[in-house]
Every structure is written in structure tokens, then in C-alpha cells.
Amino acid sequence: MRTDLVPDDLWERVAPLLPPTPARRRRHPGSLRVPDRVALAGVMYVLRTGVAWRDVPTESVGCSGVTAWRRLRNWTEAGVWPRLHAALLAELRRGGLLEMDDCSADGSHIRALKRGAHVGPSPVDRARPGSKHHLIVDRQGTPLAVTLTGGNRNDVTQLLPLLDAIPTIRGLRGRPRRKPRRLYADRGYDFDKYRRLLWKRGIKPMIARRGVAHGSGLGKVRWVVERAFAWLHQFKRLRIRYERRADLHQGLLELACSLICLRRLRTSF
């Protein structure tokens, strides 16, 4: 197994969240089960390089792409990735590395090569099938939540679901954090209805208005979400949606967000 794919600090956080290994059958036990860490290395290889599952090099990674895909499916259905992301966000908050008072949200189109849930005609790609990543980050660009929709969905329709997707972030004594104080967004979110809904949640909307000249100053805070998308799409498997199953692509998105959070923890020391 390539140790650079699953470093020790990542495995220490993932291992307690994985479902227990099923007991081996006494009669006709078959081949030995691939260790979870090796299977995770296969998932990481696909996430980083973007290769097809069938093209995973078994000799260097340690398992076949089919085994890695099956383990990804099982772990996604068990809810491993949201819990991993929430645990890392709690570590960041405990270390004083999470600044949730000011958050930014945005969406990004990607092409979808296969049909499936959350696929629609993309208005920016000649109505070709596409999906959309919706992301909310803190003041430093740390991803707090990510969602997946069809490419024809308007960004503003996913604003409240994106806020609801932020996990309960613990890490300090007292009440856990669930929402920002101020939310920054571009002109795609310029609807007074959603401004009122944000005020009802106790969030101050800092949204650019259509028809107003540039220079409002909101970009000085909001640019971090664009950088976070660049970080997210450094994982080549996320640049184009290959997975037919939306839950598996969502699981890879959450795993990538967890890796960005882990990178932030590493650079803080």
C-alpha cells in the first residue's frame, strides 16, 4: 500500500468511524478481506488522480478498484464522511482555527458524463448534462458544508439547505456553533425573500445587488469561497462527475472537504 495516500493522522481519525468488520465465515471463507486502510488508499487514489475505478493499479495501491468502490459505497451508506468532517471541524474550533462569524457561499458547475440523480441541463455549458457544487466556508475558506444539485438549479434555492447542512460544531465548552453571524454572497443570491429568511435565522445578509457598480467591498471577504473551490477541484475526480449515484459523489465531496480541514490542522502547528 502507498503510505502517502493514507497518512497516519488521517487514518487515526477515520478508523474509529468505520463500521465493524463482518465476521469471516467458517465454511467456505473465501479470500482474505482487504484491510480497510488499503481500501481507503484505493479511494484516495481515485479521488486524487481521477482515474476510472477499473484502472486503479492493484500492485501499487494494494487493492482493486472494484474493492475500493464497494468499500466507498458501504462507508457512504454508513454515514462515515459527514461524521469525519464534523469531527475535524470540532478540532479546528478547539484550536481556535475556525472563524464562523463571517461565512461565504457560492456554487460551481461541473459536467456530468452519466445520468443519475442531481443531473440537469447546465445553463453555462450549452444545456449539456451537469451538476452543481454548493459550498459554504468560514472567514479563512475552511469548508463547512457542501451539497450537490442538478446543473440547472439556481444558487439561491440552495442557500437555506446549505446552511442546514452545516453540522453541529463542538470543540469548546458551551453551545455548539451551527450558523454564522454574517453571510457573504454574490449577485446570484440577490433576492429580498432570502434576505428576510436569513434575518429570521439571526444571520445578517451581505449580498451584492444587481445593477450596482462593482466596488462594494464584499469581495474582500467573499473571495475565500472561490479559493476553496480551487482547493476542492484539485481533487481531479471532482472536476467532472463520473459517478451515476449522487450519494457516492457527495461522499467524495465530503471526504475532500475533510482533507482540506486536515491540511488546515497540519499547517497550524
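**Exercise 1.** In which sense do strand β3 and β4 pair, and over how many bridges?

*Solution.* The model worked with here is a predicted one. Start from the two strands themselves: β3 covers residues 129-137 and pairs with β4 in the antiparallel sense, over seven bridges. Next, pick a single position to anchor the register, for which K132 serves well, since its bridge partner in β4 is T149. Then follow the chain from one strand to the other, where the hairpin of β3 and β4 has five residues between the strands, and G141 takes a positive phi near 90°. Finally, consider the cover of β4, residues 143-150: this strand is mostly covered, with eight of its eight residues buried.

**Exercise 2.** Find how many aromatic pairs the structure holds, and classify the geometry of the pair formed by W75 and W81.

*Solution.* The structure holds two aromatic pairs. In one of them, W75 and W81 have ring centres 6.1 Å apart and planes at 80° to each other; because an angle over 60 degrees counts as edge-to-face, this pair is assigned to that class. The second pair, F191 and Y194, is likewise described as edge-to-face, at 6.5 Å centre to centre with 75° between the planes.

The accessibility of each ring residue can then be added. W75 has 2% relative accessibility and therefore counts as buried, and W81, at 1%, is buried too. For the other pair, Y194 is buried with a relative accessible area of 14%, whereas F191 is partly exposed at 32%. As a last step, look at what lies over the face of F191: R210 is placed there, at 4.8 Å from the ring centre.

**Exercise 3.** Check the length of helix α8 against the expected span, and determine where its buried residues fall around the axis.

*Solution.* Helix α8 runs over residues 219-232, and at 1.5 Å a residue its 14 residues should span 20 Å; the end C-alpha atoms are 20 Å apart, so the two values agree. The buried residues are V221, R222, V224, V225, A228, F229 and L232. Seen down the axis of α8, these buried residues fall within an arc of 145°, so they line one face of the helix. The general background is that an α-helix has 3.6 residues a turn, so residues three or four places apart point the same way. What covers the buried residues of α8 includes the strands β1, β3 and β5, together with helix α9.

**Exercise 4.** Repeat the length check for helix α2, and state how many of its residues are buried.

*Solution.* For α2, residues 36-49, the expected span of the 14 residues is 20 Å, and the end C-alpha atoms are 20 Å apart, which agrees. Eleven of the 14 residues are buried, and α2 is accordingly described as mostly covered; among the buried residues are D36, V38, M44 and Y45. These buried residues pack against α1, α3, α4, α5 and α9. Just after α2, G50 takes a positive phi of about 80°.

**Exercise 5.** Is S258 buried or exposed, and which residues does S258 touch?

*Solution.* First locate the residue: S258 is found in helix α9. Its relative accessible area is 1%, so S258 is buried. Leaving aside residues up to four places away in sequence, S258 touches W81, L84, H85 and L88. One of these contacts, W81, returns us to Exercise 2, where W81 forms the edge-to-face pair with W75.

Note on methods. Residues numbered from 1 in each chain as written. Predicted model: local features only at pLDDT ≥ 70, side-chain atom pairs only at ≥ 80, totals over all residues. Heavy atoms only, no water. Phe/Tyr/Trp six-rings, centres within 6.5 Å; stacked < 30°, edge-to-face > 60°. Buried < 20%, exposed > 50% of the residue type's maximum accessible area, 1.4 Å probe, protein only. Lys NZ or Arg CZ within 6 Å of the ring centre and 35° of its normal. Helix = DSSP H or I, 4+ residues; strand = E, 2+ residues; numbered from the N terminus. Pairing = 2+ DSSP bridges. Expected span 1.5 Å × (residues − 1). Arc of directions from axis to C-beta. Contact = heavy atoms within 4.5 Å.
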